[in-house]
Structures are given as C-alpha cells and as structure tokens.
Amino acid sequence: MNLNQVTIPSLDVKIATEFYKKLGLLLIVDALPRYVRFECPDGDSTFSIHEVENLPTGNGITIYFQNENLDRVVTQLQQKDITFTSEPEDKPWLWREAHLNDPDGNHIILYSAGKNRKNPPWRIN
C-alpha cells in the first residue's frame, strides 16, 4: 500500500491555496472555490483542500512535511511572511521540527529526520 493523498478541510480554499503555494507545494488541480490539489515537490504524494462550512473541533489535524534543509526552508518562509509558532528545534525522538498553523488553524510540522524518520533506534522489526 502507498499513501496517495491527504485532504484537509478549509473555510476559504482560496486563502488556504495561497498559503500552501508559499510553502512550496505545486498546484495541479484548481477547482476553486471548493477544491484544490497539490503535488508535493519531493516524493509522489499529493495534498488536497476541500471547502467545508464548519471546521472540525478538538485537536484537529496535524500535517507533517519533511525537508532535510529545515533551517534554510524556515528562514525562506519567514521572508514570505509565514509565521511560525516554534523555531526549528531538536526533539528527543531525533527529529528537528518547526511548528506553524495554516489559515484554518491546522497544525503543520516541518521537520528533518533523516534515517530516524522510519528507522529510529527504538524501531521494532
């Protein structure tokens, strides 16, 4: 099995589209104002956004995007007026992470993990 895509809800798909374009995703389906789909610049997965009348409540969604040049990417995004809730930081689980929210409040983690993404020292086989 291979993960094809993840779809998130948005109150304003147009605003969300501009945000994710700033993050570097490549728009491949434009059915505004109700739906868009992106290709991730690395790998084979896609990411889509669909219009909803109400956002989910509770903890919501967390989206992870991997980039091995995390610190450089965060600096570039800050220059595009993207606000982070936390700067790049080394975590005990051997990932380096920076946190932010999209316009709908979805939690985004940009991270660098190298081999520890799928093969941390505590992995079970």
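Leu-94 sits in the loop between β6 and β7, and that loop is a good place to start a walk through this predicted model. The backbone of Leu-94 has a positive phi, near 70°, even though the residue is not a glycine. At 38% relative accessibility, Leu-94 counts as partly exposed, because that value falls between the 20% and 50% limits. From here the tour takes in the residues around that loop, the aromatic pairs, a hairpin, one helix residue and the largest pocket.

**Around the β6–β7 loop**

- Trp-95 is also in the loop between β6 (84-90) and β7 (96-101), while its aromatic partner Tyr-111 belongs to strand β8, so the pair links parts that are 16 residues apart in sequence.
- The rings of Trp-95 and Tyr-111 are stacked, with 4.2 Å from centre to centre and 15° between the planes.
- Are Trp-95 and Tyr-111 buried or exposed? Both of them are buried.
- Asn-116 comes in the segment after β8, and it touches Leu-94, Trp-95 and Pro-121 when residues up to four places away in sequence are not counted.
- Asn-116 has a relative accessible area of 14%, so it is classed as buried, the limit being under 20%.
- Trp-122 is placed in the segment after β8 too, and its contacts, not counting residues up to four places away in sequence, are Pro-92, Trp-93 and Leu-94.
- Between the C-alpha atoms of Trp-122 and Trp-93 there are 9.6 Å, although the two residues are 29 apart along the chain.
- Trp-122 has a relative accessible area of 48%, which makes it partly exposed.

**Aromatic pairs and a cluster**

- How many aromatic pairs does the model have? The count comes to 7.
- One of these pairs is Tyr-20 with Phe-47: the ring centres are 4.9 Å apart and the planes meet at 45°, so the pair is tilted rather than stacked or edge-to-face.
- Tyr-20 belongs to helix α1 and Phe-47 to strand β4, so this pair ties together parts that lie 27 residues apart in sequence.
- Tyr-20 is buried, with 0% relative accessibility, and Phe-47 is buried as well, with a relative accessible area of 3%.
- Tyr-20 and Phe-47 also belong to one aromatic cluster, together with Phe-19, Phe-38 and Phe-65.

**The β2–β3 hairpin**

- Strands β2 (residues 26-31) and β3 (residues 35-39) run antiparallel and are joined by 5 bridges.
- A hairpin of 3 residues connects β2 to β3.
- Which residue in β3 is the bridge partner of Val-29? That partner is Arg-37.
- Pro-33 lies in the loop between these two strands, and the peptide bond joining Leu-32 to Pro-33 is cis, with omega at about 10°.

**Helix α1 and the loop after α2**

- Lys-22 is part of helix α1, and at 36% relative accessibility it counts as partly exposed.
- Leaving aside neighbours within four places in sequence, Lys-22 is in contact with Leu-77, Lys-80 and Ile-82.
- The C-alpha atoms of Lys-22 and Gln-76 are separated by 9.8 Å, with their positions 54 residues apart along the chain counted as the separation.
- Asp-81 is found in the loop between α2 and β6, and like Leu-94 it is a residue other than glycine with a positive phi, here about 65°.
- With a relative accessible area of 66%, Asp-81 is exposed, since the limit for that class is over 50%.

**The largest pocket**

- The largest pocket holds about 710 Å³ of space.
- Its lining is made up of 27 residues, and Cys-40, Asp-42, Tyr-64, Phe-65 and Gln-66 lie nearest its centre.
- Elements that give two or more residues to this lining are β1 (5-10), α1 (13-23), β4 (46-51), β5 (62-66), α2 (70-79) and β8 (107-112).
- Which element gives the largest share of the lining? It is β5, with 4 residues.
- By class, the lining has 14 nonpolar, 9 polar and 4 charged residues.
- Phe-65, one of the residues nearest the pocket centre, is also a member of the aromatic cluster described above.

Notes
Residues numbered from 1 in each chain as written. Predicted model: local features only at pLDDT ≥ 70, side-chain atom pairs only at ≥ 80, totals over all residues. Heavy atoms only, no water. 1 Å grid on protein atoms, 1.4 Å probe; cavity = no way out; pocket = protein on both sides within 12 Å on 5 of 7 lines; lining within 4 Å. Points joined across faces, edges and corners; volume = space filled by probe spheres on them. Nonpolar A, V, L, I, M, F, W, Y, C, P; charged D, E, K, R; others polar. Pairing = 2+ DSSP bridges. Buried < 20%, exposed > 50% of the residue type's maximum accessible area, 1.4 Å probe, protein only. Contact = heavy atoms within 4.5 Å. Phe/Tyr/Trp six-rings, centres within 6.5 Å; stacked < 30°, edge-to-face > 60°.
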